[in-house]
Amino acid sequence: MTYREIYEEGRNSLADAAIGEAALDARLLLEYVCHTIRNDLLVHGDKPVTEEQAESYRALIQKRAKHIPLQYLTGEQDFMGLTFQVNDKVLIPRQDTEILVEEVLREPHDGMRFLDMCTGSGCILLSILHYSNDCQGVGVDISGEALQVAKKNAERICPDGNITFLQSNLFENVTGKYEYIVSNPPYIPSPVIEELMPEVREHEPRLALDGTEDGLYFYKKIVEESRNYLVGGGRLYFEIGYDQAEAVSTLMQNAGFAEVTVVKDYAGLDRVVHGILLG
C-alpha cells in the first residue's frame, strides 16, 4: 500500500466518524507514524509504507475515530512556538491561551517572580520563563499527575530555569510574595460541560474544566486570596470565558485591583482580564 492510499483510507475513516478535520488529522497522524512532513503526501505519495507503519496508523485512526484528541495520540502540542508534552491528565494548550502569555510578557523585568495557579502542563509558566530573563516561577496544581507532566516539560523547555512545582489546593501550600500571579483556572459552568464537543467532554480532565455552577468559583477564590501573595503593585492575570469579562473585572475591582483591563482574542472575544494590586 502506498503512502497516499493509506492516508486516504485514514481520511475516509475519520470522515465516516464525523471528525471535523478528518483530512488534517489523517495527515498529521500519518506524519507522526512515518516521521514525514507535509510535502511527502504531495511529492512522495506513491512511496510504499511498511506493514508495521500501516498497522500503527490504523490503530491511531481507530482511536481518533472515537474522538480521542489528536494531541493525546501524538503526546504533544505546540504553544508559543514551543512543543509541550501532553496526556489526558492535563488540558491541551490552546492558541487562545497564547493571548494570556503575550499580555504578561509586555511588562516583566529581569528577576521577577511568577506564580502560575492551576498550571496543568506548565505551558503558561514555562513560556513566560522561556521568553524572559532570569525570572523565577512556581507552578501550582491540585493534580499530582498534571504536575508530573509539567515537570517533564520544564526539563525540556527550561532545563536551567528557576522553577518549582507545588501540589496545592489553590493557595493552601503556597508561601512567599510574587510580582505576578497568572491563572487559566477551570471556568466552564458545570451544566455547560455536557454540551461540549466529545473530545473535550469525554477526554480532557474535568478537574481542569469545571468552574462549578456559574463558572466563577475559582476566580472568586483566587482574587480573594491573591492579595496575600502579591507584592504591592503586583499584577493578577486571568484567562476567562468569552462571557465572563464583566463578572471577573468586578471581582477584581471590588478586591482593590486598579487598571483592570479586558483583552480580546484573535476572534474578537473577551479572553484575558488583568489588573494591578493597590498598596
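Where is Asp134 found in this predicted model? Asp134 lies in the loop between helix 7 (123-130) and strand 4 (136-141), and this loop is the subject of the first close-up view.

**View 1. Asp134 is a residue other than glycine with a positive phi.** Most residues other than glycine have a negative phi. In Asp134, however, phi is near 55 degrees. Asp134 is also exposed, since its relative accessible area is 67%, and its place in the chain is the loop that runs between helix 7 and strand 4.

**View 2. Thr212, which is not a glycine, likewise has a positive phi.** The phi of Thr212 is about 65 degrees, and the residue sits in the loop between helix 10 (198-201) and helix 11 (217-226). Thr212 has a relative accessibility of 31% and therefore counts as partly exposed.

**View 3. Helix 1 and helix 4 come within 9 Å of each other, as judged by their axes.** Two packed helices are described by the angle between their axes and the distance between the axes. For helix 1 (residues 3-16) and helix 4 (residues 51-65), the axes cross at roughly 15 degrees, which means that helix 1 is roughly parallel to helix 4, as angles under 35 degrees are counted in this way. The crossing in which helix 1 passes helix 4 is right-handed. On the side of helix 1, the residues that take part in the contact are Ile6, Tyr7, Glu9, Gly10, Arg11, Ser13 and Leu14, and they meet Ala54, Tyr57, Arg58, Ile61, Arg64 and Ala65 in helix 4. Sorted by class, this contact holds seven nonpolar, two polar and four charged residues.

**View 4. Helix 6 is largely enclosed by the rest of the structure.** This description follows because seven of the ten residues of helix 6 (residues 95-104) are buried. The buried residues are Thr97, Glu98, Ile99, Leu100, Val101, Glu103 and Val104.

**View 5. Cysteines are shown in a structure where a search finds zero disulfides.** A disulfide is a covalent bond between the sulfur atoms of two cysteines. For the sulfur of Cys118, the closest cysteine sulfur is that of Cys123, and because the distance between them is 12 Å, they are too far apart for a bond, given that a disulfide requires sulfur atoms within 2.5 Å. Cys34, another cysteine, is buried, with a relative accessible area of 12%.

Notes: Residues numbered from 1 in each chain as written. Predicted model: local features only at pLDDT ≥ 70, side-chain atom pairs only at ≥ 80, totals over all residues. Heavy atoms only, no water. Axes fitted to C-alpha atoms, helices over the stretch in contact; angles between N-to-C directions. Helix = DSSP H or I, 4+ residues; strand = E, 2+ residues; numbered from the N terminus. Parallel < 35°, antiparallel > 145°, perpendicular 65-115°, else oblique. Left-handed = near helix turned anticlockwise from the far one by under 90°. Contact = heavy atoms within 4.5 Å. Nonpolar A, V, L, I, M, F, W, Y, C, P; charged D, E, K, R; others polar. Buried < 20%, exposed > 50% of the residue type's maximum accessible area, 1.4 Å probe, protein only.
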